[in-house]
Structure formats: C-alpha cells, structure tokens
Amino acid sequence: SMDASALFIILIAFGTFQALFMALVLFGGNRKGLAKPLFAILLLIEGITLLERLLADTNWIESVPHLLGISYVLSFIKPPLILWTAKAIIDQKFRLDRKHFYHLIPFFLMLLVQIPFYLMSAQEKLAFVRSFLEKVPSNTNFDYYLSLSFFAYIGIYLVLTLRLQSV
C-alpha cells in the first residue's frame with residue numbers, strides 16, 4: 001500500500017501541474033478586464049510555490065538548488081494580487097495605475113534582502129536551508145518575528161479584500 005508521504009507528494013505534484021495549467025489557460029483566450037490575467041499570475045505563483053515544495057519533499061531540489069527560495073519572495077506578491085483580482089472581479093473597469101504598485105514595496109524589499117541568498121553557491125544554499133529547517137522558531141530569534149509579520153501582512157490584505165464587498 002502507498003504511504004502517506006507518497007500520497008502527499010502525488011497531491012502536491014497534481015496541484016502544481018493543475019495551477020500551472022490553469023494559469024496557461026487563463027493567459028490565453030479573450031480578455032475582458034484584468035481579472036483573468038491577475039488570477040493567472042496568482043496561479044502561476046502558486047504553481048511555482050508548489051513546485052518548490054515538491055522538489056524539496058522529494059529531495060530533487062538537490063539537483064536544482066538554485067530554485068530554492070524563489071517562492072518565498074513571490075509570496076509577497078500574492079496578497080496585493082488577491083486584492084487586485086477581487087477588485088477586477090467586482091469592477092470590470094478596474095485598471096492598475098501607479099499608486100497600485102506601492103503595494104509591491106514589501107516584495108521588492110524582500111527581494112533585496114534575499115539577494116545575498118540568491119548569490120550563494122548551490123552547496124551554500126542547501127546547507128543554509130538545512131540549518132534553517134533544523135531551527136525551532138522561538139521568540140528569541142528574528143526569523144520568528146519576520147514570519148509573524150508576514151502573517152500580519154496577509155491579514156491586512158485579507159481585511160482589505162473582504163471590505164470590498166461592503167463598498
């Protein structure tokens with residue numbers, strides 16, 4: 001019989017390909033408004049995130065360690081994307097303008113912070129990730145507060161998105 005970890009890997013693989021396929025479908029076809037392309041970008045990011053998880057869970061990441069950490073920075077694009085997609089669904093005339101791109105400041109800040117990691121050798125990246133995974137988060141280290149701040153960041157966008165329905 002199949003063990004739970006193998007089933008989990010199969011489900012992640014299925015989700016990865018499903019997200020990437022749906023993104024491809026949404027990028028094609030007729031475009032009325034921004035909802036489809038924004039949602040396609042969101043699915044593409046989800047597909048990349050799941051792919052990185054799949055590579056890590058199967059240890060295939062050892063073959064392509066330079067893909068490590070890509071989804072972490074991309075995750076900072078998801079909250080504004082969800083907000084913009086909701087706005088585009090509610091208002092077909094919704095367009096992105098310069099003020100919307102201020103929402104991407106956290107993404108660019110995290111990208112800057114991650115540059116030293118991206119410039120590491122393959123072996124350094126793998127060693128860094130292994131040591132990170134062995135650490136137990138506690139309130140005595142910075143990573144703990146950084147992860148809490150990310151959940152706060154998502155929460156802010158969740159509230160903003162939910163408030164769209166009452167407008």
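## Ground rules and overall fold

Helices here are DSSP runs of H or I with at least four residues, strands are runs of E with at least two, and both are numbered from the N terminus. With that in hand, Lys 125 can be placed in helix 6, which covers residues 122-134. This is a predicted model, where local features need pLDDT of at least 70, side-chain atom pairs count only at pLDDT 80 or more, and totals for chains, interfaces and linings use all residues. Residues are numbered from 1 along each chain as its sequence is written, and side-chain values use heavy atoms, leaving out hydrogens and water.

The protein chain has seven helices and zero strands, so its elements read α-α-α-α-α-α-α from the N terminus on, by the DSSP definition of helices and strands. Of its 167 residues, 32% count as buried (under 20% relative accessible area; exposed is over 50%, and partly exposed lies in between, with a 1.4 Å probe and protein chains only). Taking contacts as heavy atoms within 4.5 Å, residues 24 or more positions apart supply 66% of the contacts with a separation of 6 or more. The accessible surface comes to about 11100 Å², and 71% of that belongs to carbon and sulfur atoms; such areas come from the Shrake-Rupley method with a 1.4 Å probe, and for residues only the protein chains shown count as cover.

## A buried lysine over a ring

Back to Lys 125: is this residue buried or exposed? Lys 125 counts as buried because its relative accessibility is 1%. Its charged end sits over the ring of Phe 117, 5.6 Å from the ring centre (the test asks for NZ of Lys or CZ of Arg within 6 Å of the ring centre and within 35 degrees of the ring normal).

Leaving aside residues up to four places away in sequence, Lys 125 touches Pro 65, His 66, Leu 68, Phe 117, Tyr 118 and Met 120. Leu 68 is 57 residues from Lys 125 along the chain, yet their C-alpha atoms are separated by 7.4 Å.

## Aromatic pairs and Gln 114

A search of the whole structure turns up seven aromatic pairs. Rings of Phe, Tyr and Trp (its six-membered ring) pair if their centres lie within 6.5 Å. Ring pairs join Tyr 72, Phe 76, Tyr 153 and Tyr 157 into a cluster.

Gln 114 reaches one member of that cluster, touching Tyr 72 as well as Val 73 when residues up to four places away in sequence are not counted. Gln 114 belongs to helix 5, residues 105-118, and is buried at a relative accessible area of 14%.

## The nonpolar surface patch

Helix 5 also holds Leu 112, which is exposed, with a relative accessible area of 57%. Leu 112 joins Tyr 102, Ile 105, Leu 109, Ile 115 and Leu 119 in a nonpolar surface patch with about 660 Å² of accessible area together. Patch members have over 30% relative accessible area and no salt bridge; like charges are joined within 9 Å, and nonpolar side chains (Val, Leu, Ile, Met, Phe, Trp, Tyr) within 5 Å. A salt bridge puts a side-chain nitrogen of Lys or Arg within 4 Å of a carboxyl oxygen of Asp or Glu.

## Helix 2 and the loop after it

Leu 55 lies in helix 2 and is buried, at 10% relative accessibility. Its contacts, not counting residues up to four places away in sequence, are Trp 60, Ile 61, Val 64 and Leu 67. Ile 12 is 43 residues from Leu 55 in sequence and 10.0 Å away in space, C-alpha to C-alpha.

Asn 59 is found in the loop between helix 2 (35-57) and helix 3 (70-74). Its phi is near 65 degrees, a positive value in a residue other than glycine, and Asn 59 is exposed at 51% relative accessible area.

Notes:
Rings of Phe, Tyr and Trp (its six-membered ring) pair if their centres lie within 6.5 Å; planes under 30 degrees apart count as stacked, over 60 as edge-to-face and the rest as tilted.
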